[in-house]
Amino acid sequence: MGDSPARILVVEDEEPLAASLAEGLTAEGFAVQVALDGTGGLRLAREQRFDLILLDLLLPGVNGFKFCDLLRRAGDWTPVLVLTAKQGELDEAEALETGADDFLSKPFSFVVLVARIRSLLRRRRVEQPDTLVVGDLVLDTAGYRCRRGATEIELTRREFALLEFLMRHAGAVVRKREILDAVWDWAFDGESNIVEVYVGYLRRKVDVPFGRSAISTIRGVGYRFERSGG
């Protein structure tokens, strides 16, 4: 599996700054999407998978504090780096208490911003568990082993990567494009039904022999790995 670029959502209502951030971060190798208000940003965060969110505090619609709070209440722990013209310890404390991971006051150095982003992304990778457990399905990403209860399940490299992605997002609906980006690569332009094919392979290995249905198809949207493990 090729390394796909980290996906960053920029939620910033100042259009020139949003455009500048998108251009600069894209040049640094990130894949960037922009929302110009809190409501649109929250919708994107719920519909798609991002590796990090750059979030202004003083936003129209849903402000940054509320944005963070709603995101965390929904069980989404995507790293959030707050960008704001507001200054003072109380603002920083409130942002962190509502779930932000870091805080940078405007005006800021772009070099420092990129360093903070890379630091948060590294921290997130370190914090991801090596063993994923959903119901009685266990995936050992370090040992490259999978089992349902006491039964070992053999998976191909691609099947393993797909199952890991689905289990790490258990309970959430993931779109086919997100799966292609994460499990194949960002620029994949092969057969459009490849995800359906591999989901079918997985079902025949981790679900059908055990009378389970962990992987649900959400018609017209994507797939969801049930938190119960089926």
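**Notebook: side-chain contacts**

I looked up Glu164 first and found it partly exposed, with a relative accessible area of 21%. The cut-off for buried is under 20%, so Glu164 at 21% does not count as buried. I note here that the model is predicted.

**Glu164 and its partner.** I asked which residue forms a salt bridge with Glu164. Arg168 does, with the closest N and O atoms 3.0 Å apart. Arg168 is partly exposed, at a relative accessible area of 25%. I then checked where the two sit: both are in helix H6, four residues apart, so about one helical turn separates Glu164 from Arg168.

**Other salt bridges.** I got a count of 13 salt bridges for the structure. I looked up several of them.

Asp102 and Arg116 meet through their side chains at 3.2 Å, N to O. Asp102 belongs to strand E5 (residues 102-105) and Arg116 to helix H5 (residues 110-127), so this salt bridge ties together parts that are 14 residues apart in sequence. I have Asp102 as buried, because its relative accessibility is 18%. Arg116 is at 29% and counts as partly exposed.

Lys205 and Glu159 are next on my list, with a salt bridge of 2.7 Å, N to O. I asked how many residues apart Lys205 and Glu159 are. They are 46 residues apart, and the pair links distant parts of the chain: Lys205 is in helix H8 and Glu159 is in helix H6. Glu159 is buried, with a relative accessible area of 4%. Lys205 is partly exposed, at 27% relative accessibility.

I also found a network of salt bridges that links Glu12, Glu14, Asp56 and Lys106.

**Lys106 again.** I followed Lys106 to the peptide bond that joins it to Pro107. That bond is cis, with omega at about -5°. I place Pro107 in the loop between E5 and H5. I logged the bond because most peptide bonds are trans.

**Aromatic pairs.** I counted two aromatic pairs in the structure. Tyr144 and Phe160 form a stacked one, 4.1 Å centre to centre with 15° between the planes. Tyr144 is in the loop between strand E7 (137-140) and strand E8 (145-148), while Phe160 is in helix H6 (residues 157-168), so the pair ties together parts 16 residues apart in sequence. I asked whether Phe160 is buried or exposed. Phe160 counts as buried, because its relative accessibility is 4%. Tyr144, at 40%, counts as partly exposed.

Tyr198 and Tyr201 form an edge-to-face pair, with 5.0 Å between centres and 70° between the planes. Both are in helix H8 (residues 194-207), three residues apart, so about one helical turn separates them. I have Tyr201 at 33% relative accessibility, which means partly exposed.

**Tyr144 backbone.** I went back to Tyr144, found in the loop between E7 and E8, to check its phi. The value is near 55°, positive in a residue other than glycine. I wrote this down because most residues other than glycine have a negative phi.

**A charge over a ring.** I asked over which ring the charged end of Arg7 sits. The ring belongs to Phe50, and the charged end of Arg7 is 5.3 Å from its centre.

Conventions: Residues numbered from 1 in each chain as written. Predicted model: local features only at pLDDT ≥ 70, side-chain atom pairs only at ≥ 80, totals over all residues. Heavy atoms only, no water. Phe/Tyr/Trp six-rings, centres within 6.5 Å; stacked < 30°, edge-to-face > 60°. Buried < 20%, exposed > 50% of the residue type's maximum accessible area, 1.4 Å probe, protein only. Lys NZ or Arg CZ within 6 Å of the ring centre and 35° of its normal. Salt bridge = Lys/Arg side-chain N within 4 Å of Asp/Glu carboxyl O.
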